[in-house]
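Biologist: Could you take me through this model, giving the cut-off behind each term as we go?

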Amino acid sequence: MEYVIIFKKEEMNNMAYYRRIRELREDNDKTQREIAEYLGTPYQYYAVYEKGGSEISFERAIALADYYNVSLDYLAERTNSKRGMSFGELNREEQMLIELISELSGKEKKSISGLLKQIIKIIED
């Protein structure tokens with residue numbers, strides 16, 4: 001049973017998503033036929049996914065993310081972190097910063113963001 005398509009062409013850089021699945025396949029020295037077989041879909045359907053000619057189902061996107069051990073956000077090029085990051089993976093200092101920031105108002109967050117950008121620029125120079 002197929003569910004709602006998660007990556008609509010109008011909502012993102014259409015080719016970014018399809019480029020990412022092609023790059024992952026090539027980086028893993030796999031053929032389109034091998035990945036299609038893993039997904040349980042005809043080779044021709046998978047080839048159309050990579051070309052951006054058809055949207056990929058949620059189940060197949062999850063299967064690809066599991067296969068390559070990457071996050072769905074990575075597949076959709078919403079991040080360059082292959083596995084994404086959960087709060088538990090952050091060190092204690094990073095967790096503390098997030099907790100402090102979450103307590104700020106929107107205006108305070110904007111001010112802090114500006115200050116951090118200035119500090120990083122000073123450090124880099």
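**Fold, salt bridges and surface**

Modeller: Along the sequence, the protein chain follows the pattern α-α-α-α-α-α-α. This is a predicted model, in which local features need pLDDT of at least 70 and side-chain atom pairs count only at pLDDT 80 or more, while totals for chains, interfaces and linings use all residues. Residues are numbered from 1 along each chain as its sequence is written, and side-chain values use heavy atoms, with hydrogens and water left out.

Biologist: How many helices does the protein chain have?

Modeller: Helices (H or I, at least four residues) and strands (E, at least two) are taken as DSSP runs, numbered from the N terminus. On that basis the protein chain has 0 strands, and its number of helices is 7.

Biologist: Is Arg 25 buried or exposed?

Modeller: The classes rest on relative accessible area with a 1.4 Å probe and protein chains only: buried means under 20%, exposed over 50%, and partly exposed in between. The side chain of Arg 25 meets that of Glu 26 in a salt bridge (3.9 Å, N to O), a term that requires a side-chain nitrogen of Lys or Arg within 4 Å of a carboxyl oxygen of Asp or Glu. Because its relative accessibility is 10%, Arg 25 counts as buried.

Biologist: Which residue forms a salt bridge with Arg 22?

Modeller: Arg 22 itself is partly exposed, since its relative accessible area is 30%. Its partner lies in helix 1 (residues 14-27) as Arg 22 does, 4 residues apart, about one turn of the helix. With the closest N and O atoms 3.9 Å apart, the partner is Glu 26.

Biologist: Which residue meets Arg 92 in a salt bridge?

Modeller: Arg 92 counts as exposed because its relative accessibility is 53%, whereas its partner, with a relative accessible area of 34%, is partly exposed. The two side chains meet at 3.8 Å, N to O, and the partner is Glu 99.

Biologist: What is the area of the nonpolar surface patch that includes Ile 119?

Modeller: Patches are made of residues with over 30% relative accessible area and no salt bridge, like charges being joined within 9 Å and nonpolar side chains (Val, Leu, Ile, Met, Phe, Trp, Tyr) within 5 Å. Ile 119 lies in helix 7 (residues 106-124) and counts as partly exposed because its relative accessibility is 46%. Accessible areas come from the Shrake-Rupley method with a 1.4 Å probe, and for residues only the protein chains shown count as cover. Together with Ile 112, Leu 115, Leu 116, Ile 120 and Ile 123, Ile 119 makes a patch of about 550 Å².
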